[in-house]
Amino acid sequence: MKGLISSLSFSDHPHVSLTKTPTFLKIIVLSFLSIFLFFIVRRFSFDITTFTTTPSSHEFPMSFTSIPNQTTTSTVAGNPPPPPLRRPGMAVERTGIIDENGAMTNDFVVGEFDEELIDSVVNGKVNGTDEALESDENRGGLRGKIGKFKVCDESMRDYIPCLDNVEEISRVNLSERGGNLVSHCPPKGKGLDCLIPRPKDYKLRIPWPKSRDEIWLSNVPHTPFKEKAGNKWVKKKGDKCIFPGDGTQFVLGANQYLDQISKMVPEIAFGQRTRVAMDIGGGVASFGAYLMDRNVSTLSIATKDMHKNQIQFALERGVPAMLTAFATHRLLYPSQAFDLIHCSRCSINWTRDDGILLLEVNRMLRAGGYFIWKAEPIYRHDENLFAPLKEMENITRRLCWELLKNEGDISIWRKPLNNSCYLSRPLAVQPSLCGVGDDPDNVWNVNLKTCITQLPENGYGANVTTWPARLHSPPDRLFSIKMDAELSRREIYKAESKFWHEIISGYVGAFHWKELNLRNVMDMRALYGGFAAALHDLNIDCWVMNVVPVSGSNTLPVLYDRGLIGVMHDWCEPFDTSPRTYDLLHAAALFSVERNRCNVTNIMLEMDRILRPGGRVYIRDTTPVIEELEEIAHALGWVAFKFDGSEGPHSNWKLLIGEKRL
């Protein structure tokens, strides 16, 4: 320091220039370095401030919907611009479902579609022109990488892969009751590899509600006029099939029959306490068709027998229906699913094998729910004719069912609300209670069990609210689902519902869904049912088959507690329904999940099989998956379009729309 002071002294060295001293040069260099470092640090800290003051973008968690949240992004060539600075007082539009503190919330918004772009596609179809087709063919892209799929032989027009597998069914042990009626899917590599042909003179369906009473005769082959000429439940009138709503099941008509049930047991309260019903072997589903006027969603089930098209009749009419059989395995519906189960001359021997089939009904029937049995009419006072009813009364008494009413050939029982009656029975009474290790919601490839399914001690399943409040009220069974989230389940449930409501609102407006007259809809990965709930809230007059894949959490109990219908399924296998069933198929993040398990081409072929001519497919998934599916869609002969979702062009999520034209 002393040396430095000496070097700066003019009096001591009058002839020495200050600017030429080594010490002075060092000072100048250090000053420049300090100034340079100051600006670098300032610039770096400014960049950090810029990014930390910019709102972050949150994705909608894969565990809920596997779909990112909807945000708007500007379209810019090249790299996206840097995030803008947030000015003091600027309102920030939230787009995630996580708030600033990291907690779950349902206070979020989604973006909007470019309606002008979409209208150019939709109007091409609505106006009856080929504008949409031409624009699709001129786009190039991945089209042509694989050739068109061939059309199957004409004999396969009603082909159902797992129920028409002659080779596998021939190996079934005939001593196993009903073994030939359950699914026997083709082995891997031997599935459908062609397009199911439509019947000759097939026409676009008659829209609902007119279709409840009449359908095109040409759309349902093998019409059973000859086999059941004495029945009045379906009649031929010109080129149509007419459904009068009466006949062998309901002599005075379906509506009068429903009024009779309501008078017998007013507590059934159709449309309020009773929202979800099952109709077993219900012919052409007139029971369910007329219950829709009373806000009851009824799933009609039947086997594929000599009159195999009774379910096809129901689906063509626009009534929920599915091919399945009471035989050897549990049906693919959860415990406590149905508020009411109905059987009118359904040709099922409920008392065989000590009531094993009735035990399956008991598993699916909600606590406090109703079982209605309309037996064969008794015309003569013959003791033998009363034997089936006496056997039913004996078994239902041991099941702790209460016989509420027995009027003519109609009997109505009610299942208990809790286990108190079961636990008070003598130990020797059969059937016994199922063990504590039995999961009544485990239904995939599970054999029927000769035991009584116990009800949850906490009342789950019995304490649902009345319709329509139950559609949006988070049910208690939400907490019985095996999933990671524990404390935020209700928030996840509400967020999923809000998310889909806003997405479907965009679809309804942009894609003119109300002009499509949708009726039979399937959500191929339903989760909590937010998609179906949104369709109901937006007044789309349709019903939704909510499919819960076996690869994910079993949310079926929640769906039924909401008042919706659904089924468990493995998309590596075909779905047990007739060809040309659904008007719209919706798949959200299905393929990105299943592509590691299943052949996506097989899934797309199955979608084409169950899709009606004139029907549409909406697939939301990641960009690589959508590009692969777009190629397959062209090979199927669909008119396909790929859109940026409302997340914007920089999102990794896209929307693929496919139309199967007549």
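In this predicted model, Tyr 257 is a convenient place to start: with a relative accessible area of 4%, Tyr 257 is buried, because the cut-off for that class is under 20%. Phe 287 falls in the buried class too, at 1% relative accessibility.

The wider setting is the set of aromatic contacts, where the ring-pair rule yields a count of 20 aromatic pairs. One of them joins Tyr 257 to Phe 287, with 6.2 Å from centre to centre and 65 degrees between the planes, an edge-to-face arrangement. Helix H6 (residues 254–264) carries Tyr 257 and helix H7 (residues 286–291) carries Phe 287, so this contact ties together parts that lie 30 residues apart in sequence.

The pair formed by Phe 371 and Trp 401 has another geometry to look at. Here the ring centres are 5.5 Å apart and the planes meet at 45 degrees, so the pair is tilted; the reasoning is that edge-to-face requires over 60 degrees and stacked requires under 30. Phe 371 belongs to strand S8 (residues 365–374), while Trp 401 sits in the loop between helix H10 (387–398) and strand S9 (402–407), so parts 30 residues apart in sequence are tied together by this pair. Both Phe 371 and Trp 401 are buried. These two residues also belong to a cluster linked by ring pairs, whose members are Phe 326, Trp 350, Phe 371, Trp 401 and Trp 413.

The cluster leads on to the strands. Phe 371 has Trp 413 as its bridge partner in S10, and S8 and S10 pair in the antiparallel sense over 5 bridges. Strand S10 (residues 410–414) is itself mostly covered, with 4 of its 5 residues buried. S10 also runs antiparallel to S9, to which it is joined by 5 bridges; within this pairing, Glu 407 has Ile 410 as its bridge partner in S10. S9 and S10 form a hairpin with 2 residues between the strands, and there Gly 408 adopts a positive phi near 65 degrees.

Aromatic rings in the model also meet charged groups. The charged end of Arg 275 is placed over the ring of Trp 467, at 3.6 Å from the ring centre. For Arg 317, the charged end sits over the ring of Phe 243, and the distance to the ring centre is 4.2 Å.

Key: Residues are numbered from 1 along each chain as its sequence is written. This is a predicted model: local features need pLDDT of at least 70, side-chain atom pairs count only at pLDDT 80 or more; totals for chains, interfaces and linings use all residues. Side-chain values use heavy atoms; hydrogens and water are left out. Rings of Phe, Tyr and Trp (its six-membered ring) pair if their centres lie within 6.5 Å; planes under 30 degrees apart count as stacked, over 60 as edge-to-face and the rest as tilted. Buried means under 20% relative accessible area, exposed over 50%, partly exposed in between (1.4 Å probe, protein chains only). A charge sits over a ring if NZ of Lys or CZ of Arg is within 6 Å of the ring centre and within 35 degrees of the ring normal. Two strands pair if DSSP finds at least two bridges between them.
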